[in-house]
Protein chains: 2
Amino acid sequence: MTDTTTTAGTVDVTGHEAAEILASARTHVDPELRRAIDSLPGSMRRIALYHFGWEHADGTPAARHPGKAVRPALVLTAVRALGGEPATAVRAAAAVELVHNFTLLHDDVMDRDITRRHRPTAWRVFGDADAILAGDALQALAQRLLAEDPHPGAPAAAARLAACVVELCAGQHADCALERRGPDEVTLDECLAMAEAKTGALLGCACALGGLYAGAGSEEVDALDGFGREAGLAFQLIDDVIGIWGDPGRTGKPAGADLAARKKSLPVVAALASGTPAGAELAELYARPAARTGGEGEDAARAAGAVERAGGRDWAQAHAADRMSRAVGQLARAVPDPESAGGLLALAEFVTRRTH
Amino acid sequence: MTDTTTTAGTVDVTGHEAAEILASARTHVDPELRRAIDSLPGSMRRIALYHFGWEHADGTPAARHPGKAVRPALVLTAVRALGGEPATAVRAAAAVELVHNFTLLHDDVMDRDITRRHRPTAWRVFGDADAILAGDALQALAQRLLAEDPHPGAPAAAARLAACVVELCAGQHADCALERRGPDEVTLDECLAMAEAKTGALLGCACALGGLYAGAGSEEVDALDGFGREAGLAFQLIDDVIGIWGDPGRTGKPAGADLAARKKSLPVVAALASGTPAGAELAELYARPAARTGGEGEDAARAAGAVERAGGRDWAQAHAADRMSRAVGQLARAVPDPESAGGLLALAEFVTRRTH
């Protein structure tokens with residue numbers, strides 16, 4: 001593909017196309033999302049508007065930090081790829097985004113994460129109970145959107161989204177359970193299965209919902225799900241790499257926070273399993289208590305160096321490429337015409353190539 | 001009605017009829033519920049089976065303590081009252097019970113309640129994160145049952161159940177917010193509104209879903225909702241009375257625990273608002289820190305005496321009767337034929353007359 005130069009650097013046409021798809025999805029889905037959230041009772045609405053970035057903690061309007069809207073974009077782009085009309089699937093796209101945000105609200109409570117989209121997490125502002133309740137309400141809102149949607153694909157989409165939520169819960173459970181175990185008691189296969197349930201499942205579901213709204217057959221829908229899952233795993237691998245080596249000013253999270261907190265992200269577990277001296281060094285570092293108050297930076301830098309020298313970074317990037325190639329294979333099953341598949345491919349490549 | 005004497009004492013025919021309806025509902029809904037829970041991934045299934053009483057904490061089978069199954073019974077009985085076939089609404093009945101249990105799992109985490117159905121609450125056995133996740137999964141499972149149900153009433157039922165969940169969340173938020181405020185900063189109207197959202201809404205929704213599955217019109221469905229809401233408030237008032245003066249061996253909760261924890265239940269708030277010397281005594285008692293380690297019994301007994309002398313118990317019982325009469329009025333709008341309405345009436349009278 002032809003490279004085009006922008007002020008932000010060199011991006012290819014695919015990146016351009018993805019950015020346009022994402023912006024267009026935001027434009028179409030944001031009003032539906034906002035309308036749904038505005039229908040909540042005041043107490044729940046306030047927390048949701050803060051979490052989504054539409055309001056400050058004190059209830060004054062905020063310039064919403066535009067999230068990437070990857071999941072809604074996947075829904076709408078999958079509809080188009082299967083020959084459907086994306087405008088008919090805006091509710092489904094909003095429903096997927098609501099489910100994503102319900103899981104973020106709950107995961108932040110469980111993981112005690114303190115920052116989300118450059119701001120304090122909802123539980124820090126409103127307390128655990130309100131963050132849990134707002135998450136519960138967003139899950140219900142997602143299902144309400146689909147239940148009230150007269151589109152013939154809506155009931156199957158609702159069932160699929162509900163099944164996906166169950167998988168997301170099992171994935172988060174596995175994540176918490178893995179975090180409680182020692183660094184030498186966790187296998188890479190377990191971590192990959194956890195990442196598929198926790199991240200891949202909803203990206204797959206987003207694509208599958210697009211297929212259902214386009215009236216696709218079950219084979220196409222399942223292949224779309226497979227495409228999203230594989231791309232989702234590639235995305236998670238790159239996200240983990242960025243979580244260690246990314247620019248905190250762009251990620252919105254403190255540098256090396258996951259390493260300092262001894263999180264077992266995929267590059268870390270690959271490094272631990274590498275059988276290298278650097279892997280052993282990392283295991284020794286991870287066996288110590290999580291670094292606190294002052295020492296995090298140096299501690300995280302040492303851990304990052306060990307992960308890199310143990311091959312964790314290279315493995316994650318290579319495995320992300322492998323997952324992307326599996327994703328492309330699934331996509332070809334669902335959408336044989338390369339031109340029709342272009343949008344989904346551009347999105348998958350965009351999220352797995354991003355540098356922030 | 002003719003009184004009949006049983007070994008348990010004197011019960012009327014209505015009580016008999018209600019007990020039979022509840023037992024029948026359990027018989028029909030339990031297999032559907034169990035099948036739904038068995039479809040969960042292992043990690044979530046284990047927590048759900050413990051919470052529902054099918055398994056002990058170690059995963060061995062338990063003799064399930066048969067819950068009252070009031071909500072499923074309301075669904076099935078409402079279907080019958082409107083001339084429908086209850087067997088067609090078993091999934092809807094199971095969905096309502098799943099939603100009820102999702103809220104119990106989450107409320108117990110937020111309220112730090114330690115006992116549920118005579119056993120340690122799920123968060124005490126599995127931790128907060130797992131109890132939250134299992135609740136999330138049960139909400140999803142409820143919606144999945146309805147989304148996969150080919151019954152023509154299912155989409156409207158799914159939308160109504162989702163809207164109800166949002167109301168339940170707002171009700172639990174209001175409950176938590178009321179508990180944080182001082183005893184003199186809470187009005188009885190606020191507490192009644194909270195109880196309607198937290199308890200009335202789901203009982204109303206159960207009845208409304210029965211109407212939808214019977215193909216009833218929107219006026220009948222709304223009147224059924226109103227019936228369930230009013231009966232639900234009567235139920236909550238009686239439940240609060242039992243929470244103070246009931247037999248711990250039958251309630252499954254420690255005696256006076258809510259009073260010792262300074263909970264603002266409806267009889268308590270009525271007593272606080274009574275303008276009586278006993279109300280002032282209660283306010284003074286409630287202004288002190290919650291009683292702990294040893295002094296709970298005496299402290300709770302003093303508080304219970306003050307609530308009673310301030311008229312909180314009499315008010316709660318009279319207001320429950322008032323709500324029951326409003327419920328009967330709503331029921332007559334939905335089901336004019338007294339014979340058809342008999343089952344719902346028997347259920348409402350049963351839950352508001354129970355002594356344990």
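**Exercise 1. Which residues are buried in helix 15 of chain B?**

Solution. This is a predicted model, in which local features need pLDDT of at least 70, side-chain atom pairs count only at pLDDT 80 or more, and totals for chains, interfaces and linings use all residues. Residues are numbered from 1 along each chain as its sequence is written, while chains are lettered from A and ligands numbered from 1 in the order in which they are written.

Step 1. Locate the element: helix 15 of chain B covers residues 312–334, where a helix is a DSSP run of H or I with at least four residues, a strand a run of E with at least two, both numbered from the N terminus.

Step 2. Apply the burial criterion, by which a residue is buried if 20 or more other C-beta atoms, placed from the backbone, lie within 10 Å of its own. The buried residues are Gly312(B), Trp315(B), Ala316(B), Ala320(B), Arg323(B), Met324(B), Ala327(B), Gln330(B), Leu331(B) and Ala334(B).

Step 3. Find the cover, which includes helix 8 (188–213), helix 9 (218–245), helix 12 (266–272), helix 14 (296–309) and helix 16 (338–353) of chain B.

**Exercise 2. Describe the surroundings of Met44(B).**

Solution. Step 1. Met44(B) belongs to helix 2 (residues 42–52) of chain B, and Met44(B) is buried because 25 other C-beta atoms lie within 10 Å.

Step 2. List the contacts, counting two residues as in contact if their C-beta atoms, placed from the backbone, lie within 7 Å. Apart from neighbours within four places in sequence, Met44(B) touches Val166(A), Cys169(A), Ala170(A) and His173(A) in chain A, and Leu133(B), Ala134(B) and Ala137(B) in chain B.

Step 3. Compare sequence with space: Asp130(B) stands 86 residues from Met44(B) in sequence, with 7.8 Å between their C-alpha atoms.

**Exercise 3. Characterise the side of chain A that touches chain B.**

Solution. Step 1. Count the participants: 32 residues of chain A are in contact with 32 residues of chain B.

Step 2. Assign them to elements: helix 2 (42–52), helix 4 (90–111), helix 6 (128–147) and helix 7 (154–180) of chain A each supply at least two residues, and helix 7 of chain A gives the most, with 13 residues.

Step 3. Sort this side of chain A by residue class, which gives 22 nonpolar, six polar and four charged; here Ala, Val, Leu, Ile, Met, Phe, Trp, Tyr, Cys and Pro count as nonpolar, Asp, Glu, Lys and Arg as charged, and the others, Gly among them, as polar.

Note on methods. A residue is buried if 20 or more other C-beta atoms lie within 10 Å of its own, exposed if 12 or fewer, and partly exposed in between; C-beta atoms are placed from the backbone.
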